[in-house]
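This briefing covers aromatic ring pairs, nonpolar cores and the main pocket. The structure is shown first, and the points follow by topic.

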Amino acid sequence: HRSILSLAAAALLLPVPALAQGATPAPLPTATSTDGGTPPPAEAPADSSEPRDAAILSEGPTEPSPKMPGIPYYEDLVRKDPDDPETHQTLAAAFARAGKVDDARREARRAIELGPNRAEAHQALGLIEEGASNTAAATELYRKAASLDGNVEFRLDLARSLFLESKIPEALAEWEKIGKDFEGNLEVQFALADAFRELCRFEEAQA
């Protein structure tokens, strides 16, 4: 579900659930004629068999996504609870979104110090390093996350990072194992297809 990560994509550092665990439309305005006469008839839709709402829904969302809080908000959370690794992790994400790589690293490392067995903390620092093109460091962090929690999310990160390091046989072996371990899980299979597609490996994606 990610393209090859840029630093901006470190917004995904916030903890997320594991991938594989177990308005009524407003009325149309009435047309009026310009000469005071009878209003012109409304134009019939091109395809009257399509429900009126279908065209409206096809336009997609009309409201912008809500803005995420800024760095001061997360800094305040850290001040209030400095020993909570999750607050440091969310602050790291905020710094990463702002392009403050060193600050993001510092907070992510602090999150690992406070919660060394939290796979998400290692993943968070891995995303920061990947966004900064430190792929080898990212790979080891993803490997640690996957060893702490075998959830497919961390394993997909590891496979992608191995691929970016040009460790193709290892990456393909990891993807193949994920596919076999989650053979009956449609969500995982689609995630694998998406991973292959974004790396331009279209045959594997199609399969």
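Rings of Phe, Tyr and Trp (its six-membered ring) count as a pair if their centres lie within 6.5 Å. In this predicted model, there are 3 aromatic pairs. The notes below go through two of the pairs by name, then turn to the cores and the pocket.

**Aromatic pairs**

- Tyr73 and Tyr74 make an edge-to-face pair, with 5.1 Å from centre to centre and 85° between the planes.
- Tyr73 is partly exposed, because its relative accessibility is 45% and that class lies between the 20% and 50% cut-offs.
- Tyr74 has a relative accessible area of 7%, so Tyr74 is classed as buried, the cut-off being under 20%.
- Trp175 and Phe196 form a tilted pair, because their ring centres are 4.8 Å apart and their planes stand at 55°.
- Trp175 belongs to helix H8 and Phe196 to helix H9, so this pair ties together parts that are 21 residues apart in sequence.
- Both partners are buried: Trp175 has a relative accessible area of 2%, and Phe196 has a relative accessibility of 10%.
- One aromatic cluster is made up of Phe163, Trp175 and Phe196.

**Nonpolar cores**

- The largest nonpolar core contains 20 residues.
- Within this core, the residues with the most contacts are Val152, Leu156, Trp175, Ile178, Val188 and Leu192.
- Trp175 thus appears both in this list and in the aromatic cluster.
- Helix H6 (135-148), helix H7 (152-164), H8 and H9 each contribute at least two residues to the core.
- The most comes from H7, which gives 6 residues.
- A second core, separate from the largest, has 17 residues, including Tyr74, Ala96, Ile112 and Leu125.
- Tyr74 therefore has a place in this second core as well as in the edge-to-face pair with Tyr73, whose planes are over 60 degrees apart.

**Largest pocket**

- The largest pocket holds about 310 Å³ of space.
- Its lining consists of 14 residues, of which Gln189, Leu192, Phe196, Glu204 and Ala207 are the closest to the centre.
- Leu192 is also among the residues with the most contacts in the largest core, and Phe196 is also a member of the aromatic cluster.
- At least two lining residues come from each of helix H8 (168-181), helix H9 (186-198) and helix H10 (202-206).
- Sorted by class, the lining has 8 nonpolar, 3 polar and 3 charged residues.

Note on methods. Residues numbered from 1 in each chain as written. Predicted model: local features only at pLDDT ≥ 70, side-chain atom pairs only at ≥ 80, totals over all residues. Heavy atoms only, no water. 1 Å grid on protein atoms, 1.4 Å probe; cavity = no way out; pocket = protein on both sides within 12 Å on 5 of 7 lines; lining within 4 Å. Points joined across faces, edges and corners; volume = space filled by probe spheres on them. Helix = DSSP H or I, 4+ residues; strand = E, 2+ residues; numbered from the N terminus. Nonpolar A, V, L, I, M, F, W, Y, C, P; charged D, E, K, R; others polar. Phe/Tyr/Trp six-rings, centres within 6.5 Å; stacked < 30°, edge-to-face > 60°. Buried < 20%, exposed > 50% of the residue type's maximum accessible area, 1.4 Å probe, protein only. Core = buried A, V, L, I, M, F, W, Y, C linked by side-chain atoms within 4.5 Å.
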